[in-house]
Amino acid sequence: MRPSRRLLLLSALCLAGGLLILAAGLPPEGAAVAVAALTLAAMADLALTPGRGAVALEVGTPADTFCGEIARLPARLQATRGVLPPIAEARAEFHADLGGQTTFGFAPAGTAAAVATIAIPARKRGVFDISAIWLRWASRLGLWEVTPRLPIERQLRVVPNIRPIAAGTVDTAVRSELYGVKDTIARGEGSEFHQLVEFTAGMDYRAIDWKRSARHRNLVAKEMRAERNHQIILALDNGYLMRGQIDGVARVDHAINAALVVAWAAGLGGDLVGLYSFDAQPRLYTPPQPARAAFPRLRRQMADMDYSSVEANHTLALAHLNGLLKRRSLIVMFSDFADTTTAELMMENIGVLNRAHVVVFVTLSDPTLAARQRATAADPQAVAEAVVAAQMQRERNLVLDRLTRMGVFCLETGPGQLSPRLLSAYLDIKAKELI
């Protein structure tokens, strides 16, 4: 309970009137009567106003929410007796990593109830407490405001975003690219022997197996198919640079969402997927396993990955990864860099990996750099910011150009296009049998 603006204004007027009366030498009884009347009105209004016990709150249990989306909790407010007081404001209190609080409104559902939907931005992965709901309504005469805090003790679990997988988008793209409308096992263009077939007109003469043809006394040809069981390593840089936010979501969360898309696609393509994460030192290594069976565990491990506040050590991490891999693999590395100086060691170690493996380097483009360069230079400060942004973008382009010349597949894009472009790069590498 707290005094309203109306009560404070009336109190100030009474005080000012009393001071004027005393200054003018008039009898003070008039001021005393005004103060007494306001005090009685405030006490009567306080007695007539329903308090905390006049309402009962019900809040639904939130379902698991994908990172970067909005969690929506249904809420219902019920009057314990009589009519529900008019709610002027409602505010949810939750973990500071999700913003700390958000306001929402109740819609009437009769005279004794109201309903609402609490929208909470799921900015980070993890389990977060939703501790209480604050309400505010005015008293009968508007002299007081009731501000009860209603504890609800709910928890919101934010998990990596697998919306493209759940919607079937990845299944459609992968099956259409690898198998066509029907499962044709990519015959005829691969490097893995499938079966012997009778040679017919129109087939490639280079496919004829002359020894077996002599044995069968008839021309037979080898039918090939695309090789499966490739090793794919999802290498996640979890250093402090990856904590920077783009569109309200950390870079590492965008990387995790795209990595899960590739893991699911690899399962459809019959490949093996492993996980490797690092910051100042290697943190997690999951050996490659059949992607379909390993996907739930990979998703759980990525969901439980903490946000690191230390700088990533690419030299140690990539040298350690190179020692772990005994077979040629496709390494999809999600990372970021600040300038050419800090990226020098990273480029050298990626080059070492690229000699024995296929490396795809994935980084998110920074929209603030483009915005600074496009901004109208209205003052010297804006000009300086545009020049610095252009220089940083040139340095990023130099790093990516050098990696490309080394034979590394580089992918720099915004978060909205990251998953589809990375999926396309995986399918293209698989189709060319570069692994």
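This section describes a six-stranded sheet, the helices beside it, aromatic pairs and selected single residues in a predicted model.

The sheet is open, and its six strands follow the order E18-E17-E14-E19-E20-E21 with mixed pairing. Strand E18 (282-290) and strand E21 (409-413) form the edges; each has a single partner strand, so one side of each has no neighbour in the sheet. On average, and with direction ignored, neighbouring strands of the sheet are turned by 15° against each other. Strands of a sheet pair through backbone hydrogen bonds, in either a parallel or an antiparallel sense. Strand E14 (residues 231-237) pairs with strand E17 (residues 272-278) in the parallel sense, over seven bridges. Within the pairing with E17, isoleucine 232 stands opposite valine 273. E14 also pairs in the parallel sense with E19, over six bridges. Here the bridge partner of alanine 235 is methionine 333 in E19. The pairing of E19 with E20 is parallel as well and runs over five bridges, with phenylalanine 334 opposite valine 362 in E20.

Strand E19 is mostly covered, six of its six residues being buried. In a regular strand the side chains alternate between the two faces of the sheet. In E19, Ser329, Ile331 and Met333 point one way, whereas Leu330, Val332 and Phe334 point the other way, and all are buried. Two of the residues named above as bridge partners thus recur here: Met333, which pairs with alanine 235, and Phe334, which stands opposite valine 362.

Two helices lie across strands of this sheet. Helix H9 (residues 340-356) lies across strand E19 (329-334) and strand E20 (358-364), and runs at about 145° to E20. Helix H11 (residues 380-405) lies across E20 and E21, and runs at about 155° to E21.

A further packing arrangement involves helix H6 (residues 251-268) and helix H7 (residues 291-303), whose axes are 9 Å apart and make an angle of about 170°. This angle makes H6 roughly antiparallel to H7. On the H6 side the contact comprises Ile256, Ala259, Leu260, Ala263, Trp264, Ala266, Gly267 and Leu268, which meet Ala291, Arg292, Phe295, Leu298, Arg299 and Met302 in H7. By class, the contact has 11 nonpolar residues, one polar residue and two charged residues.

The count of aromatic pairs comes to five. A pair of aromatic rings is described by the distance of the centres and the angle of the planes. Tryptophan 264 and phenylalanine 295 form an edge-to-face pair, with 5.1 Å from centre to centre and 75° between the planes. Because tryptophan 264 lies in helix H6 and phenylalanine 295 in helix H7, this pair ties together parts that are 31 residues apart in sequence. Tryptophan 264 is partly exposed at 28% relative accessibility, while phenylalanine 295 is buried, with a relative accessible area of 7%. Tyrosine 276 and tyrosine 285 form another edge-to-face pair, at 6.3 Å centre to centre and with 70° between the planes. Tyrosine 276 is buried at 0% relative accessibility, and tyrosine 285 is partly exposed at 25%. Together with Phe278, Tyr276 and Tyr285 form one aromatic cluster.

Two residues were noted for their backbone angles. Most residues other than glycine have a negative phi. Glutamate 153 has a positive phi, near 50°; this residue lies in strand E11 (residues 149-159) and is exposed, with a relative accessible area of 70%. The phi of aspartate 247 is also positive, near 60°. Aspartate 247 is located in the loop between strand E15 (245-246) and strand E16 (249-250), and is exposed at 65% relative accessible area.

Leucine 98 belongs to the loop between strand E5 (89-94) and strand E6 (101-104), and counts as buried at 2% relative accessibility. With neighbours within four places in sequence left aside, leucine 98 is in contact with Ile120, Pro121, Ala122, Arg123, Lys124, Phe128 and Leu156. Leucine 98 and glycine 244 are 146 residues apart in sequence, and their C-alpha atoms are 15 Å apart in space.

Note on methods:
Residues numbered from 1 in each chain as written. Predicted model: local features only at pLDDT ≥ 70, side-chain atom pairs only at ≥ 80, totals over all residues. Heavy atoms only, no water. Axes fitted to C-alpha atoms, helices over the stretch in contact; angles between N-to-C directions. Helix = DSSP H or I, 4+ residues; strand = E, 2+ residues; numbered from the N terminus. Parallel < 35°, antiparallel > 145°, perpendicular 65-115°, else oblique. Contact = heavy atoms within 4.5 Å. Nonpolar A, V, L, I, M, F, W, Y, C, P; charged D, E, K, R; others polar. Pairing = 2+ DSSP bridges. Phe/Tyr/Trp six-rings, centres within 6.5 Å; stacked < 30°, edge-to-face > 60°. Buried < 20%, exposed > 50% of the residue type's maximum accessible area, 1.4 Å probe, protein only.
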